[in-house]
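Reader: I've got a model open on my screen and a list of labels that go with it. Could you walk me through what earns each label?

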Amino acid sequence: MKNIFIINAGQDFNHSGGLFNQTITDTTVKFFEQFEDVEIRVTYVQNGYDEIQEVENYVWADYIIYHTPVWWFQVPFKFKEYIDKVFTAGHQKGIYFSDGRRSANPDLNYGTGGMLQGRKYMVTTSWNAPITAFTLPGEFFMETSVDDGPLFGFHRMNAFVSLEKLESFSFHDVEKNADVTRDMELYTKHLENVFLKELQESAIGL
């Protein structure tokens with residue numbers, strides 16, 4: 001049995017209705033429902049949550065899957081609040097024990113006090129920016145990828161609690177040129193590429 005914890009960080013705010021990330025979440029649930037030995041839990045951040053239950057969800061999970069839009073090059077404010085509250089509630093309760101350092105040598109081992117070893121995470125992000133803003137010389141992100149640029153801190157946050165990164169996926173140009181059918185087909189292929197191998201290896205005990 002593998003446990004999948006999905007966090008939908010889409011929000012209804014101003015001109016954003018959160019519908020695209022709801023579609024991504026639904027696609028993820030549908031993908032995992034095809035497997036017999038999988039249990040799924042989903043949290044919808046904007047609908048509210050119990051911090052202690054969310055800590056338990058992290059501890060319970062084998063895989064954590066984040067779905068978030070990117071607003072002003074960061075995660076939305078309610079998702080940031082969720083992280084702040086839930087990770088703080090998880091201090092010495094399953095998410096992290098300390099920052100990893102010891103008083104004898106405080107310069108070393110920062111970020112090694114996580115308690116979620118053996119678990120993995122994946123993140124999807126949705127952007128108004130086209131992919132070319134990240135890849136073409138002279139364009140806005142100066143040929144820096146989503147993972148190495150805007151998501152760098154997010155990935156280090158997960159490393160801090162000892163989660164192992166799986167390949168992420170980004171949706172681009174979703175406000176002006178969204179093709180939901182195409183995007184969900186590409187995303188489903190990504191899930192197959194990442195998780196079919198993961199689930200097959202766990203099934204045979206590798």
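Author: Here is how some of the labels on this predicted model come about.

Reader: Let's start with His 67. Why is His 67 called buried?

Author: The cut-off for buried is under 20% relative accessible area. His 67 has a value of 0%, so the label applies. This residue sits in strand β3, and its neighbours include Ile 6, Asn 21, Ile 24 and Tyr 187.

Reader: What makes the pairing of His 67 with Thr 124 a polar contact?

Author: The limit for such a pair of N or O atoms is 3.5 Å. The side chains of His 67 and Thr 124 are joined at 2.8 Å, which is within that limit. Thr 124 is also among the residues that His 67 touches.

Reader: On to the surface. Why are Trp 72, Phe 73 and Phe 140 called a nonpolar patch?

Author: Members of a patch need over 30% relative accessible area and no salt bridge, and nonpolar side chains are joined within 5 Å. Trp 72 comes in at 74% and Phe 73 at 40%, so both clear that bar. Together with Phe 140 they have about 440 Å² of accessible area.

Reader: Then why is Trp 72 exposed but Phe 73 partly exposed?

Author: Exposed takes over 50%, and partly exposed lies between that and the 20% mark for buried. Trp 72, at 74%, is therefore exposed, while Phe 73, at 40%, falls in the middle class. Both are in the loop between β3 and α3.

Reader: What makes the phi of Trp 72 worth flagging?

Author: Most residues other than glycine have a negative phi. Trp 72 has a positive one, near 50 degrees. Gln 92 gets flagged too, with phi near 60 degrees; that residue is in the loop between α3 and β4 and is partly exposed at 46%.

Reader: How do you know that Lys 85 and Glu 81 form a salt bridge?

Author: The side-chain nitrogen has to be within 4 Å of a carboxyl oxygen. Here the closest N and O atoms are 3.3 Å apart, so the pair qualifies. Lys 85 and Glu 81 are four residues apart in helix α3, about one helical turn. Residues three or four places apart in an α-helix point the same way. Lys 85 is partly exposed at 35%, and so is Glu 81 at 38%.

Reader: What makes Lys 120 and Glu 198 a salt bridge, and where does each lie?

Author: Their N to O distance is 3.0 Å, so this pair also meets the 4 Å limit. Lys 120 lies in strand β4 and Glu 198 in helix α6, so the bridge ties together parts that are 78 residues apart in sequence. Lys 120 and Glu 198 are both buried.

Reader: And how many salt bridges does the structure hold?

Author: Seven. One of them joins Lys 189 and Glu 192, with the closest N and O atoms 3.3 Å apart. Both lie in helix α6, three residues apart.

Reader: Last one: how do you know that helix α1 has about the expected span?

Author: The expected span is 1.5 Å times one less than the number of residues. For the 14 residues of α1 that gives 20 Å, and the helix reaches 20 Å from its first C-alpha to its last. Its buried residues include Phe 20, Asn 21, Ile 24 and Phe 32.

Definitions and conventions
Residues are numbered from 1 along each chain as its sequence is written. This is a predicted model: local features need pLDDT of at least 70, side-chain atom pairs count only at pLDDT 80 or more; totals for chains, interfaces and linings use all residues. Side-chain values use heavy atoms; hydrogens and water are left out. Patches are made of residues with over 30% relative accessible area and no salt bridge: like charges are joined within 9 Å, nonpolar side chains (Val, Leu, Ile, Met, Phe, Trp, Tyr) within 5 Å. Accessible areas come from the Shrake-Rupley method with a 1.4 Å probe; for residues, only the protein chains shown count as cover. Helices (H or I, at least four residues) and strands (E, at least two) are DSSP runs, numbered from the N terminus. Buried means under 20% relative accessible area, exposed over 50%, partly exposed in between (1.4 Å probe, protein chains only). A polar contact is a pair of N or O atoms within 3.5 Å; within protein, one must be able to donate a hydrogen and the other to accept it, and residues adjacent in sequence count only if both atoms are side-chain atoms. Contact means heavy atoms within 4.5 Å.
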